[in-house]
Amino acid sequence: MKTVFVTVGTTSFDELIESITSPETVQALKARGYERLVLQVGRGSLLPAADSCPHIRLQAYRFKDSIAEDIKQADLVISHAGAGSCLEALGAGKSLLVVVNDKLMNNHQLEMARQLHMDSHLLYCTCSTLTQTLRTMDLSVLQPFLPGQPKNFANFLDKALGVQ
């Protein structure tokens with residue numbers, strides 16, 4: 001069963017949960033052959049019920065000790081732009097669509113997403129463009145993010161965040 005896993009990490013990103021469970025977005029997922037949607041909703045106020053999206057199998061939870069198994073079982077990972085979530089999905093070799101929270105002040109997430117996109121490791125969008133991105137995305141253009149290079153990722157983060 002073709003599965004999408006959505007993660008917001010430890011944050012609250014209700015706008016992403018609302019967007020991914022909207023009828024238009026669920027229809028876009030169904031049109032691409034996805035049948036199952038697993039949501040990790042973090043500290044958000046939304047925890048959608050299993051029957052809230054009638055055309056797709058939905059499972060939602062707040063936190064687990066590890067999301068590694070959910071990532072492993074997913075055909076597509078949709079994530080907030082947190083470095084940990086991105087690195088875990090990319091390290092597992094999964095197709096990754098990052099949804100940048102454009103409501104955050106001093107948003108360094110956009111810089112990281114943009115750079116990893118320019119390097120062809122992921123696709124990114126905002127909540128307002130999520131449905132259209134899902135309709136038109138071409139996952140075949142993505143290149144693997146080579147695992148076992150945490151120093152390169154740390155250097156990239158330092159550069160993207162202006163620490164270096």
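## A friendly tour of a predicted model

In this predicted model, a polar atom in the side chain of His80 sits 3.5 Å from the backbone oxygen of Val8.

Q: Is His80 buried or exposed?
A: Let's start with where this residue is: His80 belongs to the loop between S4 and helix H4 (83-91). Its relative accessibility is 6%, and the cut-off for buried is under 20%. His80 therefore counts as buried.

Q: Which side chain is joined to that of His80 by a polar contact of 3.0 Å?
A: Leaving aside neighbours within four places in sequence, the residues in contact with His80 include Thr7, Phe13, Ser85, Cys86 and Gln109. Among these, one side chain makes a polar contact of 3.0 Å with that of His80. The partner is Ser85.

Q: How many of the residues of strand S1 (residues 3-7) are buried?
A: Take the two ways in which the side chains point. Thr3, Phe5 and Thr7 point one way from S1, Val4 and Val6 point the other way, and all are buried. Strand S1 is therefore largely enclosed by the rest of the structure, the buried count being five of the five.

Q: Which residue of S2 stands opposite Val4?
A: Strand S2 spans residues 36-40 and runs parallel to S1, with five bridges joining the two. Within this pairing, the residue opposite Val4 is Leu37.

Q: What is the bridge partner of Phe5 in S4?
A: S1 is also joined to strand S4 (residues 76-79), by four bridges, and these two strands run parallel. In S4, the residue that partners Phe5 is Val77.

Q: Where do the buried residues of H2 lie, seen down the axis?
A: Helix H2 covers residues 23-31, and its buried residues are Thr25, Val26, Ala28 and Leu29. Seen down the axis of H2, they fall within an arc of 155°, so they line one face of the helix. The face turned away from this buried side carries the exposed residues Pro23 and Ala31. What covers the buried residues includes S1, helix H1 (14-20), S2 and helix H6 (130-136).

Q: What arc do the buried residues of H5 cover around the axis?
A: In H5, the buried residues include Gln109, Met112, Ala113 and Leu116. They are on the same side of H5, because the arc they cover is only 95°.

Q: Which residue follows H5 with a positive phi?
A: The place to look is the loop between helix H5 (109-118) and strand S6 (123-126). The residue there has a phi near 65°, a positive value in a residue other than glycine. Its relative accessible area is 27%, so it is partly exposed. This residue is Ser120.

Q: Which residue takes a positive phi just after H2?
A: Here the phi is about 95°, and the residue is a glycine. Its name is Gly33.

Q: How far apart are the closest N and O atoms of Lys64 and Asp70?
A: Side chains of opposite charge can pair when their charged atoms come close. The structure holds one salt bridge. Its partners are Lys64, partly exposed at a relative accessible area of 40%, and Asp70, buried at 8%. The closest N and O atoms of this pair are apart by 3.0 Å.

Notes: Residues numbered from 1 in each chain as written. Predicted model: local features only at pLDDT ≥ 70, side-chain atom pairs only at ≥ 80, totals over all residues. Heavy atoms only, no water. Buried < 20%, exposed > 50% of the residue type's maximum accessible area, 1.4 Å probe, protein only. Pairing = 2+ DSSP bridges. Salt bridge = Lys/Arg side-chain N within 4 Å of Asp/Glu carboxyl O. Polar contact = N/O pair within 3.5 Å; in protein donor to acceptor, adjacent residues only side chain to side chain. Contact = heavy atoms within 4.5 Å. Arc of directions from axis to C-beta.
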